[in-house]
Amino acid sequence: MEQITAFLEKLLSKAGAVFSSPVFQLGGNSVSVESILALVVAIVLVFLVSRWTRNFLKDNLLVKANMDRGNREAISTIASYLVGILGIIVSLQSIGFNLASLAVVAGGLGVGIGFGLQDITNNFISGLILLIYRPIKVGDYIEWEWMESTTLKGTVREISLRSTLVSTPNGGDVVLPNSQLVGNQILNWSYQDFKGQIRIPVQTSEDSDTIAVIETMLNSAYMQPDVLYDPSPKVNFLGSVDGTSTFELLVWVERIDQEEEVKNYLNLIIDYNLRQQGLKGKNTESVQTATISIRELLRKVIYFQNFSDLQLLELIEVGYRKRLLDGDILFRENDPGDAFYIILSGSVEVYVEKLNKHLVTLEAGKFFGELALMLGIPRSASVRAVTDAVLFAINDKGFKSLLRENPDLYEIIVRELAKHQEELTQRQEELRKLGLLDDKENEQNPVTWMRNRLKKLFCM
């Protein structure tokens, strides 16, 4: 038994000597099998700690600090690399490596990197730029040129020091070298937010009613729930060629990365509505629908009765849709008269809030607030929805823009308002009692007062 023990001790002693014996020299340091194994174990531990640091910061600590996803990714990635570099340095020193003696070796490697690893170095530096300056961050929706003839779009999923992972809308993943993102032109759709504009071309027969087509396209845009009301949708008429008229619908959406879904839905809605109105294709019979024509409703407003179709179209284009749920209050008494409304669907109640008195219920096709808008006077009553409703609205901003671009409309409105001197006198007196008229507006002639007030309000 003693002989066996002695043999084992001798074997272990020789094995220890083999493991501790220098295998080769590196920068003045003796490298043994033992030091190599210790270094491997240390590097594995450093890797695990670095990875844990990244996940802890990204998914826990920085989440509690209410940081956005892009910031969390950048900070956690940089922190994990710093932990890794520091851990490797400590590991090398703990096993007796003299880092100063590796300076010559590092210099030689630097020359090799300069000639043979330029791309890797470029990608590494570009990765630092992306993580620190963040022109592109995780979660961004970007567009870039691929293979000189193809444009790709996708969402940034991960940024490392060498490459960036981008997921495309069709489910593919593209690994882009960081140098391509820093050195080339990249369209970042979500640099500040995901809001973006979508353009949809539409063609109809040349003999279609142009204004009816534009109105139908605008109505279709508002039927898509993802389309924003502000900025409001617009339609450009691009002209007619070979019996075909071409239009372009411009809409804004909150999430431009959902462009394909929005486009598909809008194209279906536009095609259906144009066919229902007999505006899609030649010799298409019109189908009776319950769609209210805003152009015809505007003609019922006494101040717009003499407007041409083109002038009415300009009113339609500066307007927007406003949705109300049952019980929503549109405005209250004495609120600024900053918008004019036409009811497209549903109904609203006009009432005096202070007296709790019902005045009238207005249904689809009725309008209100036009005089308050044009004269800039406070509301004389409150309005709330008694059912879900959709209103067509023209606010003071749109009205001001319209009058500035079309001074002739100003004269038409003045002439129409002048036909209602009794109502103008009443409104002028109300403002006088409320102390809302300055000395310059204390004009006895209501028409002169109205003309001066319009000029003042809309900077004519």
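Contact, in this tour, means heavy atoms within 4.5 Å. The model on display is predicted.

**Stop 1: the core around Ile413**

Select Ile413 and the residues around it. Neighbours within four places in sequence set aside, Ile413 is in contact with Phe304, Phe307, Met374, Phe399, Leu403 and Leu454. Ile413 belongs to the largest nonpolar core, which has 62 residues. Together with Leu298, Phe304, Leu315 and Met450, Ile413 is among the residues that touch the most other members of that core. Helix α7 supplies the largest share of this core, with 7 residues. Next, colour Leu330, Tyr341, Leu362 and Leu391 separately: they are included in a second core of 18 residues, separate from the other.

**Stop 2: the helix pair α7 and α10**

Select residues 210–223 for helix α7 and residues 309–318 for helix α10. At what angle do α7 and α10 pack? The angle is about 10°, and the axes lie 11 Å apart. The two helices are therefore roughly parallel to each other. To view the contact itself, show the side chains of Ile211, Ile214, Glu215 and Leu218 on α7, which meet Asp309, Leu310, Leu313, Ile316 and Glu317 on α10. By class, this contact has 6 nonpolar and 3 charged residues, and no polar ones.

**Stop 3: the sheet beneath α7**

Keep α7 visible and add strands β8, β9 and β10; the helix lies across these three, running at about 25° to β10. The strands form an open sheet in the order β8-β10-β9, with antiparallel pairing. Strands β8 (196–205) and β9 (234–241) stand at the edges with a single partner strand each, so one side of each has no neighbour in the sheet. From one strand to the next, the twist averages 20°.

Now restrict the view to β8 and β10, which pair in the antiparallel sense over 10 bridges. Within this pair, Val202 stands opposite Phe247 in β10. Adding residues 259–276 brings in helix α8, which packs on the sheet and touches β8 and β10. The direction of α8 makes about 30° with that of β8.

**Stop 4: Val251 in β10**

Select Val251, placed in strand β10 (residues 244–253). Is Val251 buried or exposed? Its relative accessibility is 0%, so Val251 counts as buried. Beyond residues up to four places away in sequence, Val251 touches Gly196, Gln197, Ile198, Ala221, Val227, Pro233 and Leu266. A distance label between the C-alpha atoms of Val251 and Asp226 should read 9.6 Å; these two residues are 25 apart along the chain.

**Stop 5: the four-stranded sheet**

Move to the open sheet of 4 strands, ordered β12-β17-β14-β15 and paired antiparallel. Its edge strands are β12 (329–331) and β15 (357–362), each pairing on one side only. Neighbouring strands here are turned by 30° against each other on average, direction ignored. Select β14 (residues 348–352) with β15: the two run antiparallel and are joined by 5 bridges. Tyr351 stands opposite His358 in β15.

**Stop 6: strand β3 and its partners**

Finally, select strand β3 (residues 141–146) and strand β4 (residues 150–159), an antiparallel pair with 6 bridges. The bridge partner of Trp146 is Thr150 in β4. Then add strand β7 (residues 187–188), which pairs with β3 over 2 bridges, also in the antiparallel sense. In this pairing, Ile142 stands opposite Asn188 in β7.

Notes
Residues are numbered from 1 along each chain as its sequence is written. This is a predicted model: local features need pLDDT of at least 70, side-chain atom pairs count only at pLDDT 80 or more; totals for chains, interfaces and linings use all residues. Side-chain values use heavy atoms; hydrogens and water are left out. Axes are lines fitted to C-alpha atoms, for helices over the stretch in contact, and angles run from 0 to 180 degrees between N-to-C directions. Angles under 35 degrees count as roughly parallel, over 145 as roughly antiparallel, 65 to 115 as roughly perpendicular and the rest as oblique. Ala, Val, Leu, Ile, Met, Phe, Trp, Tyr, Cys and Pro count as nonpolar, Asp, Glu, Lys and Arg as charged, and the others, Gly among them, as polar. Two strands pair if DSSP finds at least two bridges between them. A nonpolar core is a set of buried Ala, Val, Leu, Ile, Met, Phe, Trp, Tyr and Cys residues joined through side-chain atoms within 4.5 Å. Buried means under 20% relative accessible area, exposed over 50%, partly exposed in between (1.4 Å probe, protein chains only).
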